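User: Please take a close look at any enclosed spaces inside this protein, and tell me where they lie and what surrounds them. I am in my first year, so please explain each term as you use it.

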Amino acid sequence: MRVWLPALLVVALLAAGVGAYRFEWGQRYLPWLSADPATEPEQVLPPAGPELPEWTTPAPDAQPVDETSAIAPDRVEAAVAKRLADPDLGRHVVGAVSSLEPGSAVWTSGDGEYLPASTTKLLTLGAALDVLGPDHTFSTTVVRGDGPREVVLVGGGDPMLASQPLTVAEAGSSYPARADVTTLAVQAADALRGLGKVRVRFDDSLFTGPTDNPAWRRDYVPDDIVSPITSLMVDSGIAADGLARSDDPSLAAARVFADALRAAGVEVAGEPQRVVVQPDAEVLASVESAPLSEVAERILDVSDNEGAEVVGHQVGLAVSGTGSFEAGAAAVLGTLSGLGIDVTGDEVYDGSGLSRRNRVSTTTVLQLLQHAAGPDGESMRNLVTGLPVAGFTGSLTYRFADGPALARGLVRAKTGTLTGVHALAGIAVDRDGEPMAFVLAADRVAAVKSLNARDALDRAAAALAACRCSA
């Protein structure tokens with residue numbers, strides 16, 4: 001027994017060594033085999049792993065924090081109230097400001113109802129973009145008439161239809177691209193050569209009702225303030241000299257078409273005559289407008305009255321099948337109401353805002369801007385992107401000379417101007433980067449105070465860009 005005891009101890013030590021090597025017993029269970037951290041740091045094993053608790057089912061995800069942006073009405077009040085109290089603005093001034101989030105806090109001043117002037121175009125184009133879609137285009141066609149040598153120019157209500165194609169230089173700087181009746185005549189000429197003398201007819205029956213809006217001042221059309229509205233107009237009904245407007249834009253367009261046919265080598269007899277073509281008439285040529293998204297941006301940028309009226313008629317056609325002033329105005333309000341925009345009490349008689357009978361609430365305009373900028377307003381996003389930029393584009397190019405210079409580039413707005421009426425409606429970004437929808441208007445301004453009133457509204461809008469108005 002005594003003989004085997006040393007041997008057993010040797011075997012036990014060898015076994016312990018093997019176990020320490022294979023199963024890392026040394027530092028945990030056999031401390032005399034541990035490496036010395038001072039002399040053998042590379043041999044020191046990491047500590048034993050942590051003891052983990054049993055797996056349990058995780059709790060439901062936490063609810064996200066509400067980060068909805070909003071304005072602070074008291075900060076808006078401090079920024080703009082004094083400016084809207086400028087006596088040059090007259091006895092009736094309204095203002096409304098909110099964030100772009102529907103249902104958020106709104107700062108208001110005045111009774112909220114105003115004569116919108118050209119800010120009416122926001123309603124017209126917003127409804128058109130929703131009903132027709134931003135990719136919609138308008139066709140102008142040439143078809144065969146009833147006689148073998150009769151050709152008919154058919155108006156499709158293209159708001160941007162031109163008389164002549166753009167030159168190379170103009171094409172590079174003009175937006176959007178425009179269809180024209182001269183190009184249309186060149187296309188049609190191939191099918192008309194060899195027929196002898198042809199007679200030109202024109203069809204503008206797409207639109208119905210008066211071409212001069214009964215809700216306009218009586219001198220607007222006679223004094224060339226606005227053209228009669230038809231479905232076949234070139235250059236907005238303006239004559240080649242850029243001054244006078246045609247009393248019959250459809251006939252003027254047909255004359256340009258006839259002259260272009262002659263230039264293309266087609267013999268044309270007589271004066272163009274108005275007709276209504278058969279629905280199944282053979283199409284000889286056709287040109288397409290730019291998409292409505294681009295047309296809308298152009299109309300907003302330069303405040304194109306004729307273009308807005310033609311688009312308004314198109315909304316009436318799309319909604320009720322009738323293209324007229326009355327049908328268009330009704331269709332615009334009906335469309336906005338269908339989008340959840342509050343049009344209660346609004347009265348609209350045209351698409352451009354020339355009518356002094358129009359009355360719109362600031363609530364309607366704010367909600368429209370919120371919708372156009374929001375996730376559900378993708379179809380009418382061009383209502384926002386087409387707004388003139390303060391100090392840079394369109395009808396605001398030479399505005400915002402006074403007030404905080406910061407506003408130039410940070411305020412985008414549609415102007416509204418009639419005698420005694422000045423308005424701005426759009427979006428301003430404050431110093432915290434928060435965008436705000438706003439409407440500022442004065443509709444009882446003394447004629448001699450017009451420029452001062454306009455500048456006062458510019459300063460009020462500029463103050464929104466210069467403030468920290470978010471809550």
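Analyst: The largest cavity lies between domain 1 (73–133 + 294–466) and domain 2 (139–290), because both of them give residues to its lining; the domain bounds come from an automatic or database domain assignment. The model is a predicted one, in which local features need pLDDT of at least 70 and side-chain atom pairs count only at pLDDT 80 or more, while totals for chains, interfaces and linings use all residues. Residues are numbered from 1 along each chain as its sequence is written, and side-chain values use heavy atoms, with hydrogens and water left out.

A cavity here is a set of points, on a 1 Å grid over the protein atoms alone, where a 1.4 Å probe fits but cannot get out, and its lining residues have an atom within 4 Å of a point. A search of the whole structure for cavities of 30 Å³ or more finds two.

The largest cavity holds about 50 Å³ of space, a volume being the space filled by probe spheres set on the grid points, which are joined across faces, edges and corners. From domain 2, its lining takes Asp158, Pro159, Leu161, Met233 and Ser236, and from domain 1 it takes Glu306, Gly307 and Val310. Sorted by class, this lining has four nonpolar, two polar and two charged residues. Ala, Val, Leu, Ile, Met, Phe, Trp, Tyr, Cys and Pro count as nonpolar, Asp, Glu, Lys and Arg as charged, and the others, Gly among them, as polar. Pro159, Leu161, Met233 and Val310 are therefore the nonpolar residues of this lining, Ser236 and Gly307 are the polar ones, and Asp158 and Glu306 are the charged ones.

The second largest cavity has about 40 Å³ of space. Two helices, α9 (305–320) and α10 (325–338), each supply at least two residues of its lining; helices are DSSP runs (H or I, at least four residues), numbered from the N terminus. Glu309, Gly312 and His313 come from α9, Phe325, Gly328 and Ala329 come from α10, and the lining also includes Ser324, Asp350 and Gly351. By class, there are two nonpolar, five polar and two charged residues around the second largest cavity. Phe325 and Ala329 are the nonpolar residues, whereas Glu309 and Asp350 carry the charged label.

Helix α9 also links the two descriptions, since Glu306, Gly307 and Val310, which line the largest cavity, fall within its residues 305–320.

Terms used: 1 Å grid on protein atoms, 1.4 Å probe; cavity = no way out; pocket = protein on both sides within 12 Å on 5 of 7 lines; lining within 4 Å.
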